[in-house]
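Notebook open, coffee poured. I want to go through the pockets, then the cores, then the overall build.

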Amino acid sequence: MSKDTPRYAKGMEVRRRILGDTHVDRAEAAKTPLDEPFQQLITEGAWGTVWASDGISDRDRSMLTLALLAALGNFDEIPMHIRATARTGASKEDVLETFQHVAVYAGVPRANHALKLAKATYAEMEKDAE
């Protein structure tokens with residue numbers, strides 16, 4: 001696999017815009033030969049194709065991502081995507097509405113856990129901003 005593709009370059013650009021340089025630099029530094037092909041896959045596929053699309057706004061894509069993560073029980077990435085809301089424009093109220101939707105359509109326990117993670121992440125963000 002080559003990182004010299006236009007889709008990879010676009011993916012890194014979008015990934016940095018949404019997640020921030022600090023997060024991406026930390027993730028890049030943690031790469032190993034084992035997960036490098038996977039990192040390229042998500043950079044090209046998720047960031048260079050899906051997130052790079054102008055079909056919907058970053059705000060809407062952020063809320064969809066949070067809803068899907070919560071609905072499917074993929075809680076590990078929720079804090080990262082909560083932090084990204086500072087760049088995507090999704091407000092705390094948007095996130096609450098998103099998880100309320102999850103509660104009705106995917107289950108209260110999943111929405112409750114996602115909201116717990118969001119609250120803790122917002123508290124960390126506010127503490128870091130002080």
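**Pockets**

I began with the lining of the largest pocket, and five helices each put at least two residues into it: H1 (6-19), H2 (21-30), H3 (36-50), H4 (58-71) and H5 (78-88). Worth jotting down straight away: this is a predicted model.

Which helix gives the most to that lining? I found H3 in that role, with seven residues.

Next I looked up the space inside, and the largest pocket comes to about 480 Å³. Its lining has 20 residues, and those closest to the centre are Ala46, Trp47, Glu77, Met80 and His81. Sorted by class, I get twelve nonpolar, five polar and three charged residues in the lining of the largest pocket.

Then I moved on to the second largest pocket, with a volume of about 200 Å³. Its lining draws at least two residues from each of H1, H2 and H5, and H5 gives the most, with four. I noted Ile18, Leu19, Arg26, Arg83 and Met125 among the lining residues. Met80 is in this list too, having already turned up close to the centre of the largest pocket. The class split for the second largest pocket is five nonpolar, three polar and three charged.

**Cores**

Which members of the largest nonpolar core touch the most others? Of its 14 residues, I wrote down Ile78, Ile82, Val95 and Phe99. H4, H5, H6 (92-106) and H7 (108-129) are the elements that give two or more residues to this core, with the largest share, five residues, coming from H7.

I followed Ile78 further. Leaving out residues up to four places away in sequence, Ile78 touches Leu66, Leu69, Ala70, Phe99, Ala114 and Leu117. Apart from the largest core there is another one, of ten residues, including Val14, Ile18, Trp47 and Ala84. Two of those names were in my pocket notes: Trp47 is among the residues closest to the centre of the largest pocket, and Ile18 helps line the second largest.

A reminder to myself: nonpolar side chains tend to be buried together in soluble globular proteins.

**Overall build**

Last, the whole chain. I count seven helices and zero strands, running α-α-α-α-α-α-α from the N terminus. The radius of gyration is 15 Å, close to the 14 Å the globule rule gives for 130 residues, so the chain is as compact as a globular protein of that length. Along the principal axes, the C-alpha atoms fill a box of roughly 45 × 35 × 30 Å.

How much of the chain is buried? I have 35% of the 130 residues down as buried. For contacts between residues at least 6 apart in sequence, 68% join residues at least 24 apart.

Definitions and conventions
Residues numbered from 1 in each chain as written. Predicted model: local features only at pLDDT ≥ 70, side-chain atom pairs only at ≥ 80, totals over all residues. Heavy atoms only, no water. 1 Å grid on protein atoms, 1.4 Å probe; cavity = no way out; pocket = protein on both sides within 12 Å on 5 of 7 lines; lining within 4 Å. Points joined across faces, edges and corners; volume = space filled by probe spheres on them. Nonpolar A, V, L, I, M, F, W, Y, C, P; charged D, E, K, R; others polar. Core = buried A, V, L, I, M, F, W, Y, C linked by side-chain atoms within 4.5 Å. Buried < 20%, exposed > 50% of the residue type's maximum accessible area, 1.4 Å probe, protein only. Contact = heavy atoms within 4.5 Å. Rg over C-alpha atoms; globule rule 2.2 N^0.38 Å.
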